[in-house]
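Reader: I've got this one open on my screen and would like a close look at a single part of it. Could you walk me through how the two domains of one chain sit relative to each other, and then what lies around them?

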Number of protein chains: 2
Amino acid sequence: MTKRVFGHIEGFPVGSWFESRSALSQAGVHRPTQAGIAGSEREGADSIVLSGGYEDDVDWGDEIIYTGQGGRNPVSGRQVEHQHLNRGNLALAKSKLHRLPVRVIRGSTHKSRYSPETGYRYDGLFLVEDYWQERGKSGYYVWRFRLVKYSGDETLAESQVREEQSSYSVPECRETMILRIVRDTEQARRIKKLYDFRCQVCGTRLEGSAGPYAEAAHIRPLGAPHNGTDSLDNLLCLCPNHHVLFDYHAFSIAEDFSLIGIDGYLIRHARHRINPENLRYHREHYYPDMDHV
Amino acid sequence: MTKRVFGHIEGFPVGSWFESRSALSQAGVHRPTQAGIAGSEREGADSIVLSGGYEDDVDWGDEIIYTGQGGRNPVSGRQVEHQHLNRGNLALAKSKLHRLPVRVIRGSTHKSRYSPETGYRYDGLFLVEDYWQERGKSGYYVWRFRLVKYSGDETLAESQVREEQSSYSVPECRETMILRIVRDTEQARRIKKLYDFRCQVCGTRLEGSAGPYAEAAHIRPLGAPHNGTDSLDNLLCLCPNHHVLFDYHAFSIAEDFSLIGIDGYLIRHARHRINPENLRYHREHYYPDMDHV
């Protein structure tokens with residue numbers, strides 16, 4: 001079986017038009033010929049088709065509220081059961097968890113000013129920003145997903161940056177925002193798996209509706225002037241609290257893996273070799289020596 | 001005394017040129033006539049001047065590594081003592097903590113291809129992305145700050161989005177990133193102050209080098225289709241772990257403020273009135289009813 005591709009499909013740029021679901025499928029832009037969500041529970045969803053199936057869907061162009069799958073009578077199309085967070089719905093939830101881009105295709109039967117007049121159009125990559133359940137018009141629970149365009153200058157982050165930047169402000173009345181950017185590389189995935197999403201400081205494992213959540217922290221930061229490497233010997237698996245504290249000068253790690261600034265020892269897997277030079281770099285740069293601070 | 005302005009100064013757009021430090025000061029673009037950092041330890045830093053004072057400074061145009069203040073012999077200009085995380089240095093650290101934009105002014109004496117030929121030029125808003133200490137060329141510790149341009153299409157977030165978006169990828173080899181966007185409104189500041197940065201679920205207070213850290217969580221999300229309000233009756237003060245769990249369907253809050261999904265009760269301040277409708281909204285939409293999931 002072909003590997004699932006998260007991102008653009010080569011040869012089919014944004015705006016590509018397709019006559020039918022089978023043309024979409026052959027191009028690899030959206031493989032299933034019937035289902036609205038392409039993906040797996042384990043890997044995440046790589047594409048969705050908007051084709052007017054659910055009356056609750058909302059389309060604001062760069063932002064879409066998409067209703068999950070399941071629970072409908074195949075003949076009448078009416079919702080006759082609750083939807084569950086499984087199959088395509090769980091795949092979309094996994095795409096949020098792992099920040100995977102989802103290809104969005106609009107069909108002519110999708111009721112929106114953004115739909116093509118005929119056939120299907122590939123409209124680019126979106127990120128799943130949130131998902132929740134609600135009682136649909138039928139009275140049954142459905143799952144809903146907020147997808148936000150992820151390209152050029154139309155991302156959520158950018159429009160918010162603009163909004164803020166265009167206003168003059170004093171601390172008492174201004175809006176600020178926090179952008180916490182965490183690159184999720186293949187190495188980051190490996191470290192999280194190695195520790196089964198448990199924090200190496202406190203052992204916490206955060207469990208949500210789409211699976212466990214942890215963060216990968218680079219010991220010596222990536223990029224100039226630090227030039228840390230993106231490799232297991234420079235990574236830790238941490239809960240969000242200890243990630244904030246590690247980056248925020250609250251604790252560091254000694255050569256013998258005892259923690260400095262908090263009690264205890266770093267939890268280590270037998271196969272996880274941490275480069276002592278990276279720990280030294282963190283101690284020197286991110287753990288203020290209290291003698292002179 | 002005039003209020004400190006974080007952001008652009010009206011009447012002085014990016015690119016504005018000034019003959020001298022006193023002209024800069026009179027315009028309000030950078031008030032102190034000698035110090036390189038304008039700001040206070042409590043409020044944060046609102047502007048810096050790059051004037052070649054420190055040989056360790058690095059200037060990549062949209063990204064600057066700026067050396068903090070203090071410890072230099074005023075006559076020779078040589079580093080003769082360690083720098084401390086206080087005064088202007090602590091002000092810059094506070095600007096990172098609160099995500100305050102910092103005006104950057106380059107002077108002609110700053111050694112960089114981006115410097116003006118004479119006088120001083122206002123070069124726009126930057127965000128403090130990180131800070132750390134290191135031994136400067138003198139052997140004494142200095143504090144260094146990474147500032148990243150915060151405007152138009154030159155923000156860190158944007159360039160990374162572009163980078164990712166232009167590559168075709170499969171899950172095994174791709175880089176993804178997590179953008180956690182948390183608006184820090186005036187109400188968010190109030191709720192954090194009310195609880196003295198302690199999590200309302202676990203009581204944790206994260207302490208870093210520039211002060212305590214907590215996150216403000218909207219109970220009913222802002223924006224369509226939820227349309228929650230940005231007001232204290234819709235806000236909680238949480239640690240990052242419980243913020244993730246609250247948004248990620250792991251727990252909710254009953255009408256009597258007992259926690260659902262985890263043990264215990266929500267910690268509440270006598271002056272904090274939470275709207276029960278907002279709690280109900282969260283339970284219905286963000287805490288899956290296990291009977292039908």
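Author: Quick bit of vocabulary first: the domain bounds used here come from an automatic or database domain assignment. Keep in mind, too, that this is a predicted model.

For chain A, that assignment gives domain 1 as residues 17-152 and domain 2 as residues 186-286. Their C-alpha centres are 36 Å apart. The two do touch: six residues of domain 1 of chain A are in contact with four residues of domain 2 of chain A. On the domain 1 side of that contact you'll find four nonpolar and two charged residues, with no polar ones.

Now for the chain that holds them. Chain A has six helices and 15 strands, and 41% of its 293 residues count as buried. Take the contacts in chain A between residues at least 6 apart in sequence, and 57% of them join residues at least 24 apart.

One of those helices, α5 (residues 240-247), packs against α5 (residues 240-247) of chain B, at an angle of about 145° and with the axes 6 Å apart. A:Pro240, A:Asn241 and A:Val244 meet B:Pro240, B:Asn241 and B:Val244 there. That makes four nonpolar and two polar residues in the contact, and no charged ones.

Over in chain B, have a look at B:Asp263, in the loop between β15 (259-260) and α6 (276-286). B:Asp263 counts as exposed because just 7 other C-beta atoms lie within 10 Å, and the cut-off for exposed is 12 or fewer. From B:Asp263 to B:Tyr281, 18 residues apart along the chain, the C-alpha separation is 20 Å.

Notes. Residues numbered from 1 in each chain as written. Chains lettered and ligands numbered in written order. Predicted model: local features only at pLDDT ≥ 70, side-chain atom pairs only at ≥ 80, totals over all residues. Helix = DSSP H or I, 4+ residues; strand = E, 2+ residues; numbered from the N terminus. Buried ≥ 20, exposed ≤ 12 C-beta atoms within 10 Å, placed from the backbone. Axes fitted to C-alpha atoms, helices over the stretch in contact; angles between N-to-C directions. Contact = placed C-beta atoms within 7 Å. Nonpolar A, V, L, I, M, F, W, Y, C, P; charged D, E, K, R; others polar.
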